[in-house]
Amino acid sequence: MRKPRPEGIKDYTGPAGGWGALKAVAISLKAQQIVQRGAQTLLKSNQPDGFDCPSCAWPDPKHTSSFEFCENGAKAVAWESTAKRIGAEFFATHSVSDLWAKTDHWLEGEGRVTEPLRYNAATDHYEVVGWDEALAEIGAGLAKLEDPNQAEFYTSGRCSNEAAFLLQLFVRLYGTNNFPDCSNMCHEATSVGLPKSIGIGKGTVSLEDFDHADLIFSIGHNPGTNHPRMMATLREVARRGGKIIAFNPLKERSLERFESPQSVVEMATLSATPIATSYLQVKVGGDAAAIKGICKALVALDKAAAAAGAPAVIDHEFIAEHTAGFDALIADLETSDWADIVHASGLGQSDLEEVARLYSQSTAAIACYGMGITQHRTGTSNVQQIANLLLLRGNIGRPGAGICPLRGHSNVQGDRTVGITERPMPMLLDKMQEVFGFEPPREHGHSVVESIAAMRDGKAKAVVCLGGNLAIASSDPQACAQGFRNMDLAVHITTKLNRTQLLMAKGATYILPCLGRTERDLQESGPQSVTVEDSMSMVHASRGFLMPPGENVRSEPWIVAGIAKATLGAKGGIDWDGYVANYDLIRDKIEAVFPAFKDYNVRVRQPGGFHLPNSAAERIWLTDTKKANFMVAPGVEEDETTRDPSVLRLTTLRSHDQYNTTIYALDDRYRGVFGRRDVLFMNAKELARLGFEEGDVVDVTTALDFKRDDRIVQGLMLVEHALPDGCCASYYPETQPLIALEDHDPQSFTPSYKSVPVQIHAAGTNRGADRIVERAGVAGQPLPVKA
């Protein structure tokens with residue numbers, strides 16, 4: 001008889017979506033005190049005349065319904081449009097030391113920041129400061145740096161194209177390319193890897209391609225939590241008989257079965273649609289090995305077909321006309337041993353051969369992937385292996401086929417498109433010089449990992465954060481906390497309070513409140529709209545309609561322009577006030593620098609917006625070879641620890657009540673976790689092998705030597721969950737302290753969040769435990785980093 005499960009752990013047997021999702025939305029609206037207004041607001045979400053959801057980047061269909069929002073999108077909208085406010089009285093009541101003792105969930109849950117704030121070290125309180133005074137002081141702080149490269153300018157993917165373009169204009173005129181961006185921590189491997197493979201760092205499919213695909217590879221992502229509106233698309237593929245092959249270490253409920261809240265029949269009958277035709281639980285870190293195995297099996301099928309006089313399995317005509325590097329790929333596949341592939345992937349040879357057989361029978365295939373692919377030490381090559389798989393059958397550049405990176409934030413792709421990049425191409429810099437008449441800096445700047453290292457090591461002196469929660473989102477929060485405390489100046493442009501804003505610079509620290517997507521942006525020329533780009537290169541307008549949360553809350557473009565004026569004065573002759581008065585003028589300049597935005601202001605006013613050109617989708621290969629390149633990644637193992645039986649591979653996860661570092665509530669419904677986050681998932685076999693039982697409390701240490709004793713997270717409760725042998729999983733950001741800055745993909749600098757070699761110890765018995773006194777994850781409290 002099975003023992004009773006630990007407190008807060010229950011078996012959840014329902015489907016994804018359905019009545020559980022509707023209940024969760026209702027609870028969220030009530031918690032934010034906006035039951036009636038929130039319901040009305042949601043009806044404007046992702047509508048042609050409304051605002052773009054501040055959550056994921058899944059595209060809108062051409063013919064929208066009344067309900068173009070999902071459970072987690074609704075939570076994001078409710079979280080932003082909350083009726084709760086924090087102003088002068090709140091910060092007079094709570095010192096920074098008091099706030100540090102609160103949970104992250106509590107900090108953001110208190111509501112919207114309504115006043116510009118400056119930290120007073122003498123009182124340990126944030127205090128209200130006037131906008132003119134704050135901007136003047138910030139500008140003076142940036143202007144007095146000895147070198148512009150001593151400043152770091154971080155951006156979150158939720159900022160608009162207009163704000164991002166103004167920021168990159170200001171920062172390049174200031175004199176640096178230091179643009180650490182949230183994309184550095186998620187899909188940078190895509191941005192680095194795909195241009196070498198297919199000549200563009202974006203996906204090649206449109207939403208309409210899913211109507212024509214008969215096979216979908218779903219690799220390393222959890223759509224039910226991270227981009228739930230995708231579930232409607234996958235449901236339609238499954239219901240018309242298309243095959244969906246899922247690769248993921250955990251069995252995620254949304255990829256098993258989904259009950260559509262918009263389906264009257266499913267809701268009335270409590271029925272659900274099965275999603276994945278095949279579900280392969282690949283080992284953590286074993287994705288590249290699995291893909292290589294499928295490619296190897298595909299080549300074998302092709303040879304067998306040729307011997308039998310049957311039609312070819314591989315598209316040799318496409319390969320000959322459009323690709324380079326095919327012979328090198330074949331040579332690598334031939335020398336890759338099946339035993340090594342099986343060991344690294346955790347999947348049987350017959351399983352991978354069956355996937356190859358299904359793939360060989362498809363007419364049009366799409367490969368979707370998420371951060372389970374990119375957030376590895378081998379992230380760039382992982383992405384390129386997926387491109388190889390598609391190229392073998394000509395599945396890029398034709399209807400119903402292509403590669404589909406699933407972006408997180410709703411405009412993380414757009415920020416990059418309009419110039420937020422630390423590695424600018426010469427063409428971008430040449431156009432900036434032509435349009436604005438100044439010589440922009442040419443040397444590469446800092447990514448997130450490089451910025452934090454510069455802050456930690458005293459090479460950076462100032463940091464400006466346009467949104468986000470950098471110290472909690474980044475790897476190595478120990479180093480990031482140290483870095484913020486080293487700063488002469490720290491500026492946070494934000495909607496809500498978060499923990500990064502409690503890491504006080506040794507100089508001056510400011511919080512500047514900005515508008516959210518849901519709110520009316522009124523400037524001198526009238527109400528303004530902003531624009532965003534989704535995962536499939538559609539650009540569309542977003543216009544909020546709610547009243548701002550306070551009279552001293554400003555738009556992101558207004559704040560960026562204000563800092564630029566205070567820092568640069570008349571340098572460059574930029575009409576910052578004109579741009580803020582009318583965002584059309586910003587879009588005119590975006591069009592001038594980026595020809596792909598031709599007729600920007602006209603096209604973005606069309607319902608649904610417009611699609612940016614995609615060279616690879618047209619089989620135009622902007623690579624060095626002028627062809628799509630097969631990219632060889634020798635070997636199948638991710639690092640040297642994979643054969644050590646004492647080492648487990650940890651993958652970090654979001655809970656279902658979470659978006660990035662924002663924790664909406666302490667439940668993870670589909671995984672059966674309620675009211676807590678201090679858990680470590682592992683299968684029953686591994687628990688027994690290591691001498692543990694479900695409910696035991698353990699400490700987790702990093703198995704890679706990065707010269708620190710505090711790579712440790714304490715007090716995690718073991719929970720039995722279906723995972724491959726040798727693997728475990730726990731929540732992000734609670735387990736961030738295990739990931740050193742050095743543990744990243746050397747090509748893209750993407751941190752290895754999804755594959756961390758760790759060792760498990762009974763609580764209190766591991767080295768370094770006496771150095772850490774805070775527990776990880778209790779009630780949403782994440783980090784062993786002192787205030």
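How many bridges join β1 to strand β9 (residues 257-259)? The answer is two, and the strands run parallel. Keep in mind throughout that this is a predicted model.

## A three-stranded open sheet

That β1/β9 pair belongs to an open sheet of three strands, laid out in the order β1-β9-β10 with mixed pairing. At the edges sit β1 (16-17) and β10 (273-274), each of which pairs on one side only. If you want a residue to click on, try Gly-17: its bridge partner in β9 is Glu-259.

## Strand β15 and its neighbours

Next up is β15, which covers residues 462-466. Five of its five residues are buried, so the strand is largely enclosed by the rest of the structure. Both of its faces are covered. Ala-462, Val-464 and Leu-466 lie on one side, Val-463 and Cys-465 lie on the other, and all of them are buried.

As for partners, β15 pairs with strand β6 (residues 151-155) in the parallel sense, over five bridges. Within that pairing, Thr-155 has Leu-466 of β15 as its bridge partner. Strand β16 (residues 489-494) also pairs with β15 in the parallel sense, again over five bridges. Here Val-463 is matched with Ala-490 in β16.

## Strand β27, paired both ways

Strand β27 takes in residues 679-682, and its side chains alternate: Val-679 and Phe-681 point one way, Leu-680 and Met-682 the other. All four are buried.

What sense does the pairing of β27 with strand β29 (residues 712-720) have? It is parallel, over four bridges, and Met-682 has Glu-720 of β29 as its bridge partner. With strand β30 (residues 727-731), β27 runs antiparallel and is joined by two bridges. In that pairing, Phe-681 stands opposite Ala-729 of β30.

## Two helix crossings

Helix α9 (residues 188-198) and helix α20 (residues 379-391) have axes that come within 8 Å and cross at roughly 45 degrees. The two helices are therefore oblique to each other. The crossing of α9 past α20 is right-handed. On the α9 side, the contact residues are Ala-189, Thr-190, Val-192, Gly-193, Leu-194, Lys-196 and Ser-197. On the α20 side, they are Gly-379, Thr-380, Val-383, Gln-384 and Ala-387.

The other crossing involves helix α14 (residues 287-308) and helix α18 (residues 349-360), packed at an angle of about 60 degrees with their axes 8 Å apart. These two are therefore oblique as well, and their crossing is right-handed. From α14, the residues involved are Ala-290, Gly-293, Ile-294, Ala-297, Leu-298 and Leu-301. They meet Leu-352, Glu-353, Val-355, Ala-356, Arg-357, Tyr-359 and Ser-360 of α18.

## Cysteines without a disulfide

A disulfide is a covalent bond between the sulfur atoms of two cysteines. Using a sulfur-sulfur cut-off of within 2.5 Å, the count here comes to zero disulfides. Take Cys-159: the nearest cysteine sulfur belongs to Cys-182 and is 8.0 Å away, so Cys-159 is in no disulfide by that cut-off. Cys-159 is also buried, with a relative accessible area of 1%.

Cys-727 is in no disulfide either, and the nearest cysteine sulfur, that of Cys-728, is 7.6 Å away. With 1% relative accessibility, Cys-727 counts as buried too.

Methods. Residues are numbered from 1 along each chain as its sequence is written. This is a predicted model: local features need pLDDT of at least 70, side-chain atom pairs count only at pLDDT 80 or more; totals for chains, interfaces and linings use all residues. Side-chain values use heavy atoms; hydrogens and water are left out. Buried means under 20% relative accessible area, exposed over 50%, partly exposed in between (1.4 Å probe, protein chains only). Two strands pair if DSSP finds at least two bridges between them. Axes are lines fitted to C-alpha atoms, for helices over the stretch in contact, and angles run from 0 to 180 degrees between N-to-C directions. Angles under 35 degrees count as roughly parallel, over 145 as roughly antiparallel, 65 to 115 as roughly perpendicular and the rest as oblique. A crossing is left-handed if the near helix is turned anticlockwise from the far one by less than a right angle, and right-handed if clockwise. Contact means heavy atoms within 4.5 Å.
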